[in-house]
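Colleague: I would like to learn how to read a few features of a fold, taking them one after another. Could we begin with the sheet and then turn to helix packing and to the spaces inside the protein?

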Amino acid sequence: MKIETRKIEQAKEFAEKLMEKMTLTEKVGQLSQFGNSIYGGVESFFEDHYPEGKVGSYLSIHGAQKLNGVQKRLMEETPNHIPALFAYDVIHGFKTTFPTPLTQSFSWDPWYVAKESAKVAAKEAYAAGIRWTFAPMVDISRDPRWGRIMEGYGEDTYLTSEFSAATVEGFQGDEIGAEDTLLACAKHFVTYGACIGGRDYNSVDMSLQTLLDVYVPPFKAAFDAGCFTCMPAFNDFNGVPCTCNKYLLQDVLRKELGFKGVTISDAGAIAELVPHNVCANIKEAVELAFNAGIDIIMAFDPYNDNIPALVEEGKIDIKDVDAAVERVLVLKFLAGIFEKPFVDEKKQECFFSPEHRRVSREVAKRCPVLLKNDNGILPIDENKKILLVGPIGDDPKAILGGWAGPCEPAQTITVLAGLENRFGKENVTFSMGCSIEGSEEDNENIKKAADAVSEADIVVFAVGEHSGMAGEANSRSDISLPGMQEKLIEAVAEASKQKGVPCVAMIFSGRPLTIFSWRDKVDAILFAGQLGTEGGNAIADIISGDYNPSGRLSCSIPCSEGQIPCYYNSLNTGRPALGKWVFESKYRDLQIEPAYAFGYGLSYTTFEYTDLKLSKDKMSQDPDDYISVSVDVKNTGDRAGEEVVQLYIRDMIGSRARPMKELKGFDKIMLAPGEKKTVEFTLKNSDLAFTDWNMNKVTEPGNFTVMISKNAAESVLFASFKVE
């Protein structure tokens, strides 16, 4: 979706006329966002700021009746009656909740899963008065210790870019500011996901080439899709905090990417420039951040308290203030709040509507990844007696995931409820076995769970993290199953083995977890992620065989924390681990390959790839020149199923070392048993470009290999071409 030039011009004309009537104080007020109890404490709307017009927007106020009351008083008492813009972190749903973004990315289906999830979330948030969401988060992350990995779309630039664009289009619809839509915000600009040690808010140190080739493209995808706002990251990048980094916010964001929209700081990030040790006090922090390019401050009064004085002192140019205010007023105009500042209170009837729950279930079942299925244990026959074991089994919050906003856990279908709905209450027994993080009763409860195996035909574990173990400020140094859950699996699996009862493990978490130590103790493993309101029903759809699992990993699952960072598109090194001699790039105590590779996932059926063809074997240096790639895919099993066909390339020789593989295309297709389809991809010259040593974007002449793959570790067909 592109924002029409005519509408932008109309908005600017409106803003210019309004600004002629505004004082400097009121202008700075438009750049000030106030967090409604964002850090706890007594709820306040800062009514004392209204007479001088010192409130421009709010964060975390929602509910039509409350919002209308605040808006009415503000517009009555503010000098030029400018309405406030109400924002909220609508990350993966508002009331009806959807899979977390990381879980959504397992679907490899951005244009349905991400777009439809965002579309429904926007409709519900709009009904509650929200007009602006701080999503999507498009940070690349190669470190599952980082808690906010759950809020992004994994380790790969291409896949994340597709989800970035789809989510923006889902939130904003066909026309920015239309009814039932939200303004999107691409965050966090940029490199937040590369924090050292996986520790939230920590420093990032990397080459500019990696910045531009790996971390920036998902933001470009969001802006190309019409995203009009951007939030810089908390962290410092190569020693300069992103919040005051002129290179990032001006040279890269404004000039290179051509971003013309509004920037907003993350919560408290401007004040945090002081502990970053780049300034001595909040006034200096405001000067640094505003002059670097931060339009709106989140949150409270630092701009109100300091910008007028900094303008008087000549440290901030009034022209820059006017430019920022114009951008903010244009944003409000585009959001439609000058025309419709109040909320129709009847629209909230859409919360948890049957249609929204249907979409939640449909997207949720497309996400879980089948990692293991020995002897076809899954799907489960209807007449089987199921023993559900584990602390996630009847925990609604755990399957909702973090950043779930104003969701209602009581509306959530738990795993237990989902299994009972599908298999009948009489066929499902539940034993929690242990708590998530450990308690004194765990040993006794583990014994009870093991004893219960005798009455079961199959054991289904529901293990993982609770909703507060991933997300912001929830980094973990140990990403194995917390508490005594591994001991629970070992004890129950041993009892099951003695009685000949198969075991299925389902993992619910906001990040990849290390499962290498216990995966051989169970017959099947389903990585479910965090699935949202209809998660329990979606799980039942999969393990009953009503839906054939189609998820694929968007991030590698390491064998242990010692492999982190763990990602597929690494460089080869001068001494690759080929097993030929001792002096190689390897571990002496662990394989270098992950437990499960990027793109990995099984199905209840099988697929065969044949007849890889390239339309030509040479490509010119014209950026628009392209090669068509086609491959035949056949369902060779006895069930209908979806396959994710993955296209990777390798630049064989470059002026800089090039990754061993790079994802450049994928297609998710449905095939009936015995059905064959031809899948086609287009590889452009510009798709092969990278940032060279001189900081130029180039596609160098030379040989390239095309790989059609089932996952990043398993390429099945190869072809080559040359760029001349």
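Modeller: What follows is a short dialogue on a predicted model.

Colleague: How should I read the sheet, and what is the order of its strands?

Modeller: In general, the strands of a sheet pair through backbone hydrogen bonds, either parallel or antiparallel. Here the sheet is open and has 5 strands in the order E4-E3-E2-E1-E10, with parallel pairing. Strand E4 (132-133) and strand E10 (297-298) stand at the edges, and because each has a single partner strand, one side of each is left without a neighbour in the sheet.

Colleague: Which strand pairs with E10, and over how many bridges?

Modeller: Strand E1, residues 32-35, pairs with E10 in the parallel sense over 2 bridges, and Ser32 has Ile297 in E10 as its bridge partner.

Colleague: Let us turn to the helices: at what angle do H10 and H11 pack?

Modeller: The angle between helix H10 (residues 282-292) and helix H11 (residues 302-312) is about 80 degrees, and their axes lie 9 Å apart. Angles of 65 to 115 degrees count as roughly perpendicular, and H10 and H11 are therefore roughly perpendicular to each other.

Colleague: Which residues in H10 and H11 meet?

Modeller: From H10 the contact takes in Ile282, Lys283, Val286, Glu287, Ala289 and Phe290, which meet Pro302, Tyr303, Asn306, Ile307, Ala309 and Leu310 in H11. By class, this contact of H10 with H11 has 9 nonpolar, 1 polar and 2 charged residues.

Colleague: Now the enclosed spaces: what lines the largest cavity?

Modeller: A cavity is a space where a 1.4 Å probe fits but cannot get out, and the count comes to 5 cavities of 30 Å³ or more. The largest cavity has a volume of about 70 Å³, and its lining includes Ile91, His92, Gln104, Tyr153 and Phe171. Helix H5 (110-127) and helix H6 (157-172) are the elements that give two or more residues to this lining, and the largest share, 4 residues, comes from H5. The lining of the largest cavity has 6 nonpolar, 5 polar and no charged residues.

Colleague: And what is the volume of the second largest pocket?

Modeller: The second largest pocket has a volume of about 540 Å³. Of the 19 residues that line it, Ile3, Ile8, Phe228, Gly258 and Lys260 are the closest to its centre. Two or more lining residues come from each of helix H1 (5-19), helix H8 (217-224) and helix H12 (318-335), with H12 giving the largest share, 4 residues. By class, the lining of this second largest pocket has 9 nonpolar, 4 polar and 6 charged residues.

Note on methods. Residues are numbered from 1 along each chain as its sequence is written. This is a predicted model: local features need pLDDT of at least 70, side-chain atom pairs count only at pLDDT 80 or more; totals for chains, interfaces and linings use all residues. Side-chain values use heavy atoms; hydrogens and water are left out. On a 1 Å grid over the protein atoms alone, a cavity is a set of points where a 1.4 Å probe fits but cannot get out, and a pocket is an open set with protein on both sides within 12 Å along at least five of seven lines; lining residues have an atom within 4 Å of a point. Grid points are joined across faces, edges and corners, and a volume is the space filled by probe spheres set on the points. Ala, Val, Leu, Ile, Met, Phe, Trp, Tyr, Cys and Pro count as nonpolar, Asp, Glu, Lys and Arg as charged, and the others, Gly among them, as polar. Axes are lines fitted to C-alpha atoms, for helices over the stretch in contact, and angles run from 0 to 180 degrees between N-to-C directions. Angles under 35 degrees count as roughly parallel, over 145 as roughly antiparallel, 65 to 115 as roughly perpendicular and the rest as oblique. Contact means heavy atoms within 4.5 Å. Two strands pair if DSSP finds at least two bridges between them.
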